[in-house]
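Dear colleague,

Please find below the structure that I am handing over to you, together with its sequence. My findings follow directly after it.

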Amino acid sequence: MIMEIKHVDNNLPLPPEKMPKCWNEEERISALFSPFRSKSVNSQDWISKYKFWQNLIYEWLKYTRKSSFSISDLNNAFKRKGCTPLCLITVVEELLRNNEIILETEFLKEPCESWTAWSIDILVKKPLTWSFLKVKSYVVNNEINKETRYINLQIIKEFGDILFSILEKRKDNILISFSELTKCYRSEIDQNISDNTVMLILMWLRREKKIVLKSNENENELLIKIAAHSSDGVTEIEEGLYKLIKQENELIKEIEFMEKEKINIINEAKSYLIKGLRQVAKTYLRKKKELEKTIENRIQTLDNIQSLITSIQNSHTNNAVLSAYKTGSHVLKKLNESGLSESNVKNIMDDLAEAIEDQKDVQVMLSESLINDDSNADLEEELAELMKFDENIFPPVPNAELSFNVDELQKELQNLNVEENITNESSQLPNNHNKKVINITK
């Protein structure tokens, strides 16, 4: 979404809805505009006043899309009814003490590379741009220099996150120019952001080691690349690929323009033909044919450039794969050097089989009885003698006599009882009774 700065009342630094409610309260605003009293007198009031200006300065920088400022800028922005705040020097000193802001000269001291010369050539010529060119110290005649510029670290970080998100969307192109990046920022985020602010944001990202910067001296252009690691840099291959892609885009635009021109020529030829000016129409047709030849040449050139781009990109992928192969080969060689070879593996397997057999023999030996066999033999002989002794006392009963039927035994016992009765009473019984008894017996 594009963010636009709305019209602001000349008497207000921010739109009315963003201004603090006390801005129109004369008594309160007079106290806020006055110099700070000693913090020891009323520390709560001192802190409250500092917080008011801290938040207001932040909101003003964020709204105006500025990352750097001076006390002079603040005085002009927050002037009210012809009066400027008399407390801003103390506010800036406190912000500096709390590391919420940093001197722009210190910010620019971060080690730079070849793009320093580029930034000077490009931005120095613009009025009121880089403060380090003015070579002014922080303190002049024991007073704070109101023209000294500062960087608000919170604002620069927030802007940096936004700009880095744009870079991540276009990281497939590897490199992007300063002008193209600024154009993208203005079209997608904020059309009012200045080149100076974008440059400061890039320097912040550079300090955070998120991007790499390199100047393209031939085209007087700054190239930006997302840093994969802290020691990353722009290679010649990447720079060459950037130039090819740039040339590809320019050719596409040129072909599109010529195609539109071709349509215009055809329309002109038709219009003259309608008017009956056939010869004039023919001249336009000849112009059309010449333009078509030019278009064909441009298309052929475009095909060649696109083939080169594809080859370079494939080569880059092939190099990555080859590098992976080399790493794998190196690791395998190291493993082989450590003893991993066919002969060593075979010897180890044979030794392992032999060790397993030896272990089996050990297990068999460990499972044998610890009692002497001779003592077992003596015990067996003694048991046999005991068995003989038992047989003499209690003769063994044959198995045949032991196998009998219970029913048969009962019948035998019954027969024995009947016979005894007959023997004892046979003399007393009549003859007919004796016959009956005999029948029963049978």
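**Findings: surface patches and overall make-up**

Met349 is located in helix 12, which covers residues 342-367. Please note that the model is a predicted one. With a relative accessible area of 49%, Met349 is classed as partly exposed, because that class lies between the limits of 20% and 50%. Met349 also belongs to a nonpolar patch on the surface, together with Val345, Leu352 and Ile356. The accessible area of these four residues taken together is about 350 Å².

A second patch carries charge. Arg278, Lys282, Arg286, Lys289 and Lys293 make up a positive patch on the surface. One of these residues, Arg278, is found in helix 11, which comprises residues 278-337. Arg278 has a relative accessible area of 55% and therefore counts as exposed, the cut-off being over 50%.

Turning to the protein as a whole, the model contains 16 helices and 8 strands. The protein has 442 residues, of which 29% are counted as buried. The area that the protein exposes amounts to about 30600 Å², and 53% of that area is supplied by carbon and sulfur atoms.

Finally, a word on contacts along the sequence. If one takes the contacts between residues at least 6 apart in sequence, 65% of them join residues that are at least 24 apart.

With kind regards

Note on methods. Residues are numbered from 1 along each chain as its sequence is written. This is a predicted model: local features need pLDDT of at least 70, side-chain atom pairs count only at pLDDT 80 or more; totals for chains, interfaces and linings use all residues. Side-chain values use heavy atoms; hydrogens and water are left out. Patches are made of residues with over 30% relative accessible area and no salt bridge: like charges are joined within 9 Å, nonpolar side chains (Val, Leu, Ile, Met, Phe, Trp, Tyr) within 5 Å. Accessible areas come from the Shrake-Rupley method with a 1.4 Å probe; for residues, only the protein chains shown count as cover. A salt bridge is a side-chain nitrogen of Lys or Arg within 4 Å of a carboxyl oxygen of Asp or Glu. Helices (H or I, at least four residues) and strands (E, at least two) are DSSP runs, numbered from the N terminus. Buried means under 20% relative accessible area, exposed over 50%, partly exposed in between (1.4 Å probe, protein chains only). Contact means heavy atoms within 4.5 Å. Lys and Arg count as positive and Asp and Glu as negative; His and the chain ends are not counted. The place of a charge is taken as NZ of Lys, CZ of Arg, CG of Asp or CD of Glu.
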